[in-house]
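The following exercises concern helix geometry and charged side-chain pairs. Each task is followed by a solution in steps.

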Amino acid sequence: MRTYLGFSAVAVCSAVHTASSPVTRVVTLLNELKAKIESDGKAEQKVYDKFACWCEKTTGRKAKDIADAKEHIEDLSVEIKKRKGQLGSLSAELAQLKKDISSNKASQKEATSLRNKEHESYSQTKNEMEEAIGALEKAINSLSGAGMNTGSLISKQSRMMDVAADLRGALEMAPRGIVSNEQVATVRGFLNNPSAFTQTASKVGGVDSYAPASNEIVGILKDMFDTFTSNLETASATEAENLKVFEDLMAAKNKELTDLQSTLDKKEAENAEATTVEADSQQDREDTSAQLEADEKFFDDTKASCREKANDWATRTRLRTEELAGIEKAVEILNSPEAQAAFSGATSTFVQIRAVPKQLADVRTRAFNALKKVSRHNPTMALLAAEVGSQTGWHFEKVLTQIDKMVASIRKEEKEDVAAKENCDEMESKAKEKKADL
């Protein structure tokens with residue numbers, strides 16, 4: 001009966017092991033862990049791909065911004081140099097234009113002053129000559145006999161005295177050469193003693209008749225009259241010619257002044273524009289240089305951060321691959337016929353409970369080695385490998401505990417990855433806002 005009961009107990013224990021043994025639980029948990037790692041890997045891959053895409057677009061955009069800024073700075077430098085040269089040339093042109101305008105105004109002022117003096121001289125000469133011509137005409141009329149036969153001798157002599165007085169100014173104005181010295185002496189004799197040139201001719205009807213003795217003087221005065229008249233006409237013609245020359249000169253000078261002033265206004269406008277463009281280009285170059293410096297720093301920082309993240313991701317991917325390979329190897333070992341037989345035998349007998357069958361030890365050693373291989377960068381996997389390799393805890397209770405801890409740790413890392421993704425999204429949002437501000 002005891003033997004039957006013993007074998008029954010063994011059979012029951014064997015059935016329980018088959019249904020849910022520690023090994024089966026370990027394999028199940030390892031498979032769940034593997035699925036979780038693979039799922040997390042895919043989620044992390046999406047996050048990293050998005051971050052990598054952001055890095056590529058951001059660095060590409062910044063690289064283009066930097067290249068465009070350098071090209072713009074070069075163009076601005078050329079423009080500034082061009083404007084400086086233009087301003088130098090305009091400065092010389094403006095100085096010359098102002099000098100020409102000043103010279104033109106001075107010429108007009110000088111020509112106007114000269115014209116006024118010429119006209120004043122002409123007017124004075126004209127008045128004097130007109131007075132002389134009038135005096136000569138009056139003297140000729142008086143001495144030619146008209147009115148000389150009427151009146152008394154005294155009245156005639158009085159008129160001769162008036163004529164002589166009028167002729168004095170005319171004689172003084174007479175140009176040299178129009179009368180000979182002898183004629184001048186004759187006229188002066190008349191002027192000095194007009195009465196001597198009057199004589200009694202005869203009595204007609206009881207009245208004395210006087211014949212003028214001034215025929216010679218009348219001839220001289222007529223010559224002078226003709227000369228004065230001719231000179232006045234010449235002076236008037238000269239005045240008219242001088243006036244026309246002056247008006248033509250002033251018209252030309254005024255046109256020249258208008259052209260000079262127009263050119264000056266145009267050049268001053270060009271100078272103002274060139275000054276504004278040069279100043280704006282200087283400011284634009286300073287602003288672009290400052291922005292270029294900021295963009296280059298941002299580009300270098302972003303590139304370094306992206307490179308660091310890429311290296312971390314490569315390491316993380318490699319470790320995950322090694323971790324999955326280790327788990328697969330451990331599951332393969334634990335699911336092998338040898339392991340199943342060894343663990344089955346270990347849980348279906350009550351003989352030498354604390355002894356470890358050699359076959360079971362070999363399976364545990366292989367599982368330990370597989371887990372240890374991927375535990376170099378994972379402390380939790382190292383603890384799990386240590387528990388598998390322990391000679392006093394080979395029933396997997398501690399192994400299960402460690403797996404539970406590993407699952408909890410993975411869930412914690414999952415939360416951290418979610419936080420990292422949110423941080424990445426925030427960085428991308430800030431970068432877009434900064435680009436919009438620029």
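The expected span of a helix is 1.5 Å times one less than its number of residues. The model used throughout is predicted.

**Exercise 1. Helix α4**

Determine what span is expected for helix α4 (residues 181-192), and which residues of this helix are buried.

Solution.
1. Helix α4 has 12 residues, for which the expected span is 16 Å.
2. The end C-alpha atoms of α4 lie 16 Å apart, in agreement with that expectation.
3. Buried means under 20% relative accessible area. In α4, Thr186, Val187, Phe190 and Leu191 are buried.
4. Viewed down the axis of α4, the buried residues fall within an arc of 140°, so they line one face of the helix.
5. Asn181, Glu182 and Asn192, on the other side of α4, are exposed.
6. An α-helix has 3.6 residues a turn, so residues three or four places apart point the same way.

**Exercise 2. Salt bridges between helices α2 and α5**

For the salt bridges Lys70 with Glu296 and Lys84 with Glu278, state how far apart the closest N and O atoms are.

Solution.
1. Side chains of opposite charge can pair when their charged atoms come close. The cut-off applied here is 4 Å.
2. Between Lys70 and Glu296, the closest N and O atoms are 3.9 Å apart. Lys70 belongs to helix α2 (residues 22-143) and Glu296 to helix α5 (residues 215-334); the pair links distant parts of the chain, 226 residues apart.
3. Lys70 is partly exposed at 46% relative accessible area, and Glu296 is partly exposed at 28%.
4. In the salt bridge of Lys84 with Glu278, the closest N and O atoms are 3.3 Å apart. Lys84 lies in helix α2 and Glu278 in helix α5, so this pair ties together parts 194 residues apart in sequence.
5. Lys84 is partly exposed, with a relative accessible area of 47%, whereas Glu278 is buried at 12%.

**Exercise 3. A salt bridge within helix α5**

Explain how Lys255 and Asp259 are placed in helix α5, and name the residues joined with Glu44 into one network.

Solution.
1. Lys255 forms a salt bridge with Asp259, with 3.1 Å between the closest N and O atoms.
2. Because Lys255 and Asp259 are four residues apart in helix α5, about one helical turn separates them.
3. Lys255 is exposed at 54% relative accessibility, and Asp259 is partly exposed at 37%.
4. Salt bridges with shared partners join Glu44 to Arg316 and Arg320 in one network.
5. A search of the whole structure finds 19 salt bridges.

Methods
Residues numbered from 1 in each chain as written. Predicted model: local features only at pLDDT ≥ 70, side-chain atom pairs only at ≥ 80, totals over all residues. Heavy atoms only, no water. Salt bridge = Lys/Arg side-chain N within 4 Å of Asp/Glu carboxyl O. Helix = DSSP H or I, 4+ residues; strand = E, 2+ residues; numbered from the N terminus. Buried < 20%, exposed > 50% of the residue type's maximum accessible area, 1.4 Å probe, protein only. Arc of directions from axis to C-beta.
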